[in-house]
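Q: I would like to learn how to read the features of a model like this one. Please take me through a few of them.

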Amino acid sequence: LADIIARIGPYRPTLSRDPFRTLAFAIVNQQISMAAADKIFARVRGLCPRGRLSAAVIAQCEIAALRG
């Protein structure tokens, strides 16, 4: 990690003048991300017999099926 920091510099977060807007944006962003993750995970589980996710089943899936 030290090599990366030396190469690109330290992290400097952008500070907002409106903390409430920042909080609201973070909450909405997480909800959208979680909804997308839930949908993707449900689709992948749908490829498995009885919805039971396993590495063996996923390894045998066609790439097109995994991409949906």
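Q: In which helix is confidence lowest, and in which is it highest?
A: Start with the general caution: where pLDDT is low, the predicted coordinates should not be read in detail. This is a predicted model. Confidence is lowest in helix H2 (residues 19-46), with a mean of 87, and highest in H1, at 92. Over the chain the average pLDDT is 88, and 100% of the residues score at least 70.

Q: What span does H2 reach from its first C-alpha to its last, and what is expected?
A: The idea is to set the span of a helix against the value expected at 1.5 Å a residue. H2 has 28 residues and reaches 40 Å, close to the 40 Å expected.

Q: Which residue caps the N-terminal end of H2?
A: Look for a side-chain oxygen and a backbone nitrogen. Here Asp18 is the cap, with a side-chain oxygen 3.2 Å from the backbone nitrogen of Phe20.

Q: Which residues form the nonpolar patch on the surface?
A: Leu1, Ile4, Ile5 and Ile8 form the patch, and together they have about 440 Å² of accessible area. Ile4 is found in helix H1, and Ile5 lies in H1 (residues 2-8) as well.

Q: Why is Ile5 called partly exposed?
A: The label depends on relative accessible area: partly exposed lies between the 20% and 50% cut-offs. Ile5 has 40%, so Ile5 is partly exposed. Ile4 has 38% and is therefore partly exposed too.

Q: Where does Arg50 lie, and is Arg50 buried or exposed?
A: Arg50 lies in the loop between H2 and helix H3 (55-60). Arg50 counts as exposed because its relative accessibility is 73%. Its phi is near 55°, a positive value in a residue other than glycine.

How values were computed:
Residues numbered from 1 in each chain as written. Predicted model: local features only at pLDDT ≥ 70, side-chain atom pairs only at ≥ 80, totals over all residues. Heavy atoms only, no water. Patch = residues over 30% accessible without salt bridge, like charges linked within 9 Å, V, L, I, M, F, W, Y side chains within 5 Å. Areas by Shrake-Rupley, 256 points an atom, 1.4 Å probe, with all protein chains shown as cover. Salt bridge = Lys/Arg side-chain N within 4 Å of Asp/Glu carboxyl O. Helix = DSSP H or I, 4+ residues; strand = E, 2+ residues; numbered from the N terminus. Buried < 20%, exposed > 50% of the residue type's maximum accessible area, 1.4 Å probe, protein only. pLDDT = per-residue confidence, 0-100. Expected span 1.5 Å × (residues − 1). Polar contact = N/O pair within 3.5 Å; in protein donor to acceptor, adjacent residues only side chain to side chain.
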